[in-house]
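Colleague: Hi! Could you pull up the model and walk me through it?
Modeller: Happy to, here it comes.

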Number of protein chains: 2
Amino acid sequence: MNRALNFNAGPAALPEAVLAEAEKNWLNFNHSGMAVMELSHRSKEYETIHEQAILLLRDLLSIPDSYEILFLQGGASLQFSMVPMNLLTEGKAGNYILTGVWAEKALKEAEKVGETFISASSKTQQYKSIPTVNAKTSENAAYLHITSNNTIYGTQWQHFPANEGIPLVADMSSDLLSRKLTIENFDLIYAGAQKNLGPSGVTVVIIQKELLSRSSNHLPTMLNYNTYATHNSLYNTPPTLAIYLLKLVLEWAKELGGLTVIEKRNEEKAKILYDAIDCSEGFYLGHAEKESRSKMNVTFNLPDEEIARSFLHQAKKEGFIGLNGHRSVGGCRASIYNAMPVEHVFQLAAFMKKFRRYN
Amino acid sequence: MNRALNFNAGPAALPEAVLAEAEKNWLNFNHSGMAVMELSHRSKEYETIHEQAILLLRDLLSIPDSYEILFLQGGASLQFSMVPMNLLTEGKAGNYILTGVWAEKALKEAEKVGETFISASSKTQQYKSIPTVNAKTSENAAYLHITSNNTIYGTQWQHFPANEGIPLVADMSSDLLSRKLTIENFDLIYAGAQKNLGPSGVTVVIIQKELLSRSSNHLPTMLNYNTYATHNSLYNTPPTLAIYLLKLVLEWAKELGGLTVIEKRNEEKAKILYDAIDCSEGFYLGHAEKESRSKMNVTFNLPDEEIARSFLHQAKKEGFIGLNGHRSVGGCRASIYNAMPVEHVFQLAAFMKKFRRYN
């Protein structure tokens, strides 16, 4: 099986072992004579999948019992609205740290719901770094919202802000499950699955139970976190196939050795590419400031646009997929989520060296 | 391959040919070296899938260009809120015809948004029929909402109300694509996919373009139909795998001969079971009034609870899946959506005859 060199930013590569396991059970899950997506969501077979996915998340991320684990739909983009709809109560302000376009979008949706406050921003620095030092919160802060990894700019929070009395909310769509985490430092974490967790179509929400009391009964049922907490994310039909694939990814992560091993592996992969950039005598220019560099998305540019185009063209010819930078910043981006094999990263670094030699 | 006798109400059986086609391309879609869910949603490969799904829907359902076809997430349950959020403008009332629990839930969500009006209801008749005759609309009607097929009671609209000046909105989650339809008689149709269209995790919305002007800019981005219309349902990452499977189901439907053939096939299947009920000399009692009977969900009861339990127990032993009635009405229910093979329906009718003979 010849797997593509898939550096897509998301939807992204999935572990080959997960795809193989799903294929094995595709037409006949667990001798049921049915595919997973043909199972009733009220059946024992499906409920077991659902429960296992929750338990594996709890185990891998060491999520205390004081947190609910919910499965939703609509991606992080719907969470941009659900967070303020549920948590931004009268007279309070949603506080946001701006580290890129996704944080801006989250803020924009909160502005439709209530008062907001920008705690910090690195916008004037083209979002090349995480503004860790100067964050201020408003006196009436309902919560502080951050984006833990910024796919477009290739930046990532290395040390999270302390949540001293103010609930910390994190969009972790692009790095949940990629590194060790102290869940207790957060009050709400959300993540679309399509980077490290599974296919697109399922969103994971981890929420401190006490926070659930903030949601008004007047909220639309499907936009109230309590609906999912009360019904174990089975109020209506969940995206059963996506949750099954999420479960397989979590089993794979556990078998690999959990977050300690995964974090180390991701550090190694990122180092291979950042070394290729840093040892290129300025041929490759990293977009992110060194202390804010992401281990998920490595962004870089080349001496001029023509050489960049040539690089992307040549890379494509050699089978590398998804290396174009996001249309808003240009240049190149290599996304190296959990499922990306180390060998593929070595191949890219080798290609970068070879290309540099001839240009 | 021994396929289960899957009479689940949804998620439900999918066509075996669709499962086989998906399996064939599972690890290596279109020689890309990637699974469908590993494709970027901005890639040509995925965009082709997405476009084909839209074109096939337009073709199969003869949807005029004056309608947009949108792919959303969150199921029909989220549409219960999105319909009034987008269409229920100030001073107007959302009109609802109540034909069961799902219609009640739709009404309940509309009540959170604005004024509502019950145009008709068969609640006092235990939802055994469709109240086609006595429907009245309020003078300030924003729209009239119906549920075209009622899975729990086994009733189905046979003749739709005329939309004279009032936009007609239909939840067709359980019968879209099961029969011929004049789209022009409706202004908004929505359907969760997991009955006749595909796996759970994608919702199809068909909306008259003029209706899009009603949505306020203040709506959350992901809850505004315009976001999907303007961005071809690619504003954020769509549930790509679910849409791919939807596309395969639509190709299968087209190959089968389209809605004329499918409708005839569904009529035949329903007749087999209703005949088994009607020729049982009162042993099997249909829940729905004859003129409101559903061709998707055949609901019936037995002489007493003990015999009903014995029927379900025996049926399960013989491999029939999902025959339990919904917990809110009890009894038995056989869901026979598009993908249900005629032979499986014959097998159930034969079992019903056999069981009756010995009880």
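Colleague: Where does A:P11 sit in chain A?
Modeller: You'll find A:P11 in the loop between strand 1 (5-6) and helix 1 of chain A. Keep in mind that this is a predicted model.

Colleague: And the peptide bond from A:G10 to A:P11, is that cis or trans?
Modeller: That bond is cis, with omega near -5°.

Colleague: What about the bond that joins B:G10 and B:P11?
Modeller: B:G10 and B:P11 are joined by a cis peptide bond too, and its omega is about -5°. As for location, B:P11 belongs to the loop between strand 1 (5-6) and helix 1 (16-24) of chain B.

Colleague: Back to chain A: what is the sign of phi at A:S62?
Modeller: Phi of A:S62 is positive, near 50°, and this residue is not a glycine. A:S62 is in a loop as well, the one between helix 2 (44-60) and strand 2 (67-72) of chain A.

Colleague: Let's switch to salt bridges. How many are there over all chains?
Modeller: Searching the whole structure gives 28. One example is A:E21 with A:K24, whose side chains meet at 3.2 Å, N to O.

Colleague: How far along helix 1 of chain A are A:E21 and A:K24 from each other?
Modeller: They are three residues apart in that helix, so about one helical turn separates A:E21 from A:K24.

Colleague: Nice. How many salt bridges run between chain A and chain B?
Modeller: The count there is two. A:E38 makes a salt bridge with B:R3, where the closest N and O atoms are 2.7 Å apart.

Colleague: Which elements of chain A give two or more residues to the side that touches chain B?
Modeller: Those are helix 1 (16-24), helix 3 (75-87), helix 4 (101-113) and helix 6 (240-256). Helix 3 of chain A contributes the most, with five residues.

Colleague: What's the mix of residue classes on that side of chain A?
Modeller: The side of chain A touching chain B has 28 nonpolar, 23 polar and eight charged residues.

Colleague: How much area do chain A and chain B bury between them?
Modeller: About 4700 Å², and 58% of that is on carbon and sulfur atoms. In chain A, the residues that lose the most area to chain B are A:W26, A:L27 and A:E38, which together make up 14% of what that side buries. So A:E38, the partner of B:R3 in a salt bridge, turns up here again.

Colleague: And how many residues are in contact?
Modeller: 59 residues of chain A contact 59 residues of chain B. Across the interface, 29 residue pairs are in polar contact.

Colleague: New topic: which residues does the UniProt "binding site" annotation cover?
Modeller: The unreviewed UniProt entry lists A:A76, A:S77, A:W102, A:T151, A:D171, A:Q194, A:N236 and A:T237 under that name.

Colleague: Why don't they all gather at one spot?
Modeller: They span 162 residues in sequence and the farthest two C-alpha atoms are 31.7 Å apart, so they are not all in one place. Among them, A:N236 is part of the lining of the largest cavity, while A:S77 lies in helix 3 of chain A.

Note on methods. Residues are numbered from 1 along each chain as its sequence is written. Chains are lettered from A and ligands numbered from 1 in the order in which they are written. This is a predicted model: local features need pLDDT of at least 70, side-chain atom pairs count only at pLDDT 80 or more; totals for chains, interfaces and linings use all residues. Side-chain values use heavy atoms; hydrogens and water are left out. Contact means heavy atoms within 4.5 Å. Buried area is the accessible area (1.4 Å probe) that two parts lose on being put together, summed over both. A salt bridge is a side-chain nitrogen of Lys or Arg within 4 Å of a carboxyl oxygen of Asp or Glu. A polar contact is a pair of N or O atoms within 3.5 Å; within protein, one must be able to donate a hydrogen and the other to accept it, and residues adjacent in sequence count only if both atoms are side-chain atoms. Helices (H or I, at least four residues) and strands (E, at least two) are DSSP runs, numbered from the N terminus. Ala, Val, Leu, Ile, Met, Phe, Trp, Tyr, Cys and Pro count as nonpolar, Asp, Glu, Lys and Arg as charged, and the others, Gly among them, as polar. UniProt positions are given in the numbering used here, feature names are shortened, and annotations may be inferred rather than shown by experiment. On a 1 Å grid over the protein atoms alone, a cavity is a set of points where a 1.4 Å probe fits but cannot get out, and a pocket is an open set with protein on both sides within 12 Å along at least five of seven lines; lining residues have an atom within 4 Å of a point.
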